[in-house]
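Biologist: Please take one part of this model, the open sheet, and go through it slowly for me. I would like the strand pairing to come before the charged side chains.

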Amino acid sequence: MMTDDLRQLVRQAPFRPFRLHLADGRNIEVPHPDYIFILHHEPVAIVEREGGGTEWVNLPTVTSIEVLPESDAA
């Protein structure tokens, strides 16, 4: 997963929620651009979970991104 590709997806207008699929089988949803912060000098993103807490995502472990309809974002 290229960091610039993810940045482009986050900056897209209008924003579309998406789900990151990771190599370990986990899925992380990003319902709004305010829920994700992409580090500038490392291939890492920090995603805030709606229920609380954060996930630190090593971007090379992202196997695919699924763009969601707005109503499907958790």
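Modeller: Two strands are said to pair if DSSP finds at least two bridges between them, the strands themselves being DSSP runs (E, at least two residues; helices are H or I, at least four) numbered from the N terminus. This is a predicted model, in which local features need pLDDT of at least 70 and side-chain atom pairs count only at pLDDT 80 or more, while totals for chains, interfaces and linings use all residues. Residues are numbered from 1 along each chain as its sequence is written, and side-chain values use heavy atoms, with hydrogens and water left out.

The open sheet has three strands in the order 3-4-5, paired in the antiparallel sense. Strand 3 and strand 5 are its edges, each of them pairing on one side only. Strand 4, which covers residues 44-48, is mostly covered, since four of its five residues are buried (under 20% relative accessible area with a 1.4 Å probe and protein chains only; exposed is over 50%, partly exposed in between).

On one side, strand 4 pairs with strand 3 (residues 36-38) over three antiparallel bridges, and here Ile36 has Val47 of strand 4 as its bridge partner. The connection between strand 3 and strand 4 is a hairpin that passes through five residues. On the other side, strand 4 and strand 5 (residues 54-58) are held in antiparallel pairing by five bridges. Within that pairing Ala45 has Val57 of strand 5 as its bridge partner, and Glu48 stands opposite Thr54, also in strand 5. The hairpin of strand 4 and strand 5 has five residues between the strands, and among them Gly52 takes a positive phi near 115°.

The charged side chain to follow from here is that of Glu55, which is found in strand 5 and counts as buried because its relative accessibility is 18%. Its side chain makes a polar contact of 2.9 Å with the side chain of Arg49 (N or O atoms within 3.5 Å, where within protein one must be able to donate a hydrogen and the other to accept it, and residues adjacent in sequence count only if both atoms are side-chain atoms). Glu55 also forms a salt bridge with Arg26, their closest N and O atoms being 2.6 Å apart (a side-chain nitrogen of Lys or Arg within 4 Å of a carboxyl oxygen of Asp or Glu). Arg26 lies in the loop between strand 1 and strand 2 and Glu55 in strand 5, so this pair ties together parts that are 29 residues apart in sequence. Unlike the buried Glu55, Arg26 counts as partly exposed, because its relative accessibility is 33%. Salt bridges link Asp24, Arg26, Arg49 and Glu55 into a network, and the count of salt bridges comes to six.

Outside the open sheet, another of these salt bridges joins the side chains of Glu29 and Arg19 at 2.6 Å, N to O. Glu29 lies in strand 2 (residues 27-30) and Arg19 in strand 1, so the pair ties together parts that are ten residues apart in sequence. Arg19 is buried, with a relative accessible area of 17%. Glu66 forms a salt bridge with Arg19 as well, the closest N and O atoms being 2.9 Å apart; that pair links distant parts of the chain, with Glu66 in strand 6 (residues 62-67) and Arg19 in strand 1, 47 residues apart.
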